[in-house]
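Visitor: I should like to go through this model and ask, term by term, on what grounds each description rests.

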Amino acid sequence: MDGHAYRVEDVMTRRVIALAGGATFKDIVRTMETQLISALPVIDSGSHVIGVVSEADVLRKEEFRDSDQLRGPRSRPPGALVKARAVTAEDLMTAPAVTVHPKAPVARAARLMARRRVKRLPVVDDEGVLQGIVSRADLLRVFLRSDPDIAEEVRREIVGGRFPEGLGSVRVEVHEGVVTLTGRVPDTSLVPLAERLVRSVEGVVDVRCVLTGPRHRMTGESEKAGAAAHRPGPRSCPQSQGSQSLRQARVTRAW
């Protein structure tokens, strides 16, 4: 789990508790309670994932316990009544299941969870066979990556590959996952790109970018102009107070 982009297979749980399609309602609740699991994949005889049963699915039966509601109030979604009457996992499950491939980046799994509003995803191979399961807690493991490991990847993969002047021009420091970049770069247009690339490194919490452009060397003409601007010109000596008074006295006598 170092030196490369984290994939789902790096953080997923490989030991998975799954349900057969014929599992009874009591079996489902009992498994959730004893295993402290909020959602369970449902598989067929070939271990292909055919759906997922979540706590929300199970609670439909409690929601529609009243017999009047089971007649089908118009305010309820049609699928909710089906789940309320379900007695097996195959009837109760949400299908098709939202799944992810083991080679998928962790970031893609996180976006999928957020978009579909689920807390865990069954991990399946190209044939749809269950390989594991990944939860929100699993995705957070990338932030346990050590500071030296993060710093080494930033130096090697980003700083060393993007800045021709080499590692000496840009310093990388990492503390509690926060990356600080300091130094000079040959082209300041690279700074926003560098910051985005560093943010994409697994385990990075934040980026503080204090990069500046190169020092500008003055040309021959610029040096002459600069020297002339700073060269002291002729200055008149300040007149003393006595000389000023004498001149004023001569003017007075002339009148």
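Visitor: Why does serine 38 count as buried?

Guide: This is a predicted model, and the value is computed from it. Serine 38 has 17% relative accessibility; buried means under 20%, so serine 38 meets the criterion.

Visitor: Where does serine 38 lie, and which residues is serine 38 in contact with, leaving aside its neighbours within four places in sequence?

Guide: Serine 38 sits in the loop between α2 (25-35) and β2 (39-43). Its contacts beyond those neighbours are Met32, Val53, Ser54, Glu55, Lys119 and Arg120, where contact means heavy atoms within 4.5 Å.

Visitor: What makes methionine 12 buried?

Guide: Its relative accessible area is 8%. The limit is under 20%, and therefore methionine 12 is classed as buried. The residue belongs to the loop between α1 (8-11) and β1 (19-20).

Visitor: Which residues does methionine 12 touch, not counting residues up to four places away in sequence?

Guide: They are Val123, Gln131, Gly132, Ile133, Val134 and Asp138. In addition, the C-alpha atoms of methionine 12 and proline 122 are separated by 9.3 Å, with their positions 110 residues apart along the chain. For the protein as a whole, 57% of the contacts between residues at least 6 apart in sequence join residues at least 24 apart.

Visitor: How do you know that the side chains of glutamate 9 and lysine 103 meet in a salt bridge?

Guide: The N to O distance is 3.0 Å. A salt bridge requires a side-chain nitrogen of Lys or Arg within 4 Å of a carboxyl oxygen of Asp or Glu, so the pair qualifies. Glutamate 9 lies in helix α1 and lysine 103 in the loop between α5 (89-92) and α6, so the bridge ties together parts that are 94 residues apart in sequence.

Visitor: Are glutamate 9 and lysine 103 buried, partly exposed or exposed, and what are the grounds?

Guide: Glutamate 9 has a relative accessible area of 22%, and lysine 103 has 44% relative accessibility. Buried is under 20% and exposed is over 50%, with partly exposed in between; both residues are therefore partly exposed.

Visitor: How many salt bridges does the structure hold, and which residues are linked in a network?

Guide: The structure holds 8 salt bridges. The network links Arg145, Asp149 and Glu153. Within it, the side chains of arginine 145 and aspartate 149 meet at 2.7 Å, N to O, and both of these residues are buried.

Visitor: What makes the pair of arginine 156 and glutamate 157 a salt bridge, and why are these residues called partly exposed?

Guide: Their side chains meet at 2.9 Å, N to O, and the limit is within 4 Å. Arginine 156 has a relative accessible area of 38% and glutamate 157 has 45% relative accessibility; these values fall between 20% and 50%, so both count as partly exposed.

Visitor: Which residues form the positive surface patch, and why is arginine 111 called partly exposed?

Guide: The patch is formed by Arg108, Arg111, Arg115 and Arg116. Arginine 111, found in helix α6 (residues 106-116), has a relative accessible area of 48%. Exposed would need over 50%, so arginine 111 is partly exposed. Patch residues must have over 30% relative accessible area, a condition that arginine 111 meets at 48%.

Visitor: What are the totals for the protein?

Guide: There are 11 helices and 8 strands, and 33% of the 255 residues count as buried.

Conventions
Residues numbered from 1 in each chain as written. Predicted model: local features only at pLDDT ≥ 70, side-chain atom pairs only at ≥ 80, totals over all residues. Heavy atoms only, no water. Patch = residues over 30% accessible without salt bridge, like charges linked within 9 Å, V, L, I, M, F, W, Y side chains within 5 Å. Areas by Shrake-Rupley, 256 points an atom, 1.4 Å probe, with all protein chains shown as cover. Lys, Arg positive; Asp, Glu negative; His and termini not counted. Charge placed at Lys NZ, Arg CZ, Asp CG, Glu CD. Helix = DSSP H or I, 4+ residues; strand = E, 2+ residues; numbered from the N terminus. Buried < 20%, exposed > 50% of the residue type's maximum accessible area, 1.4 Å probe, protein only.
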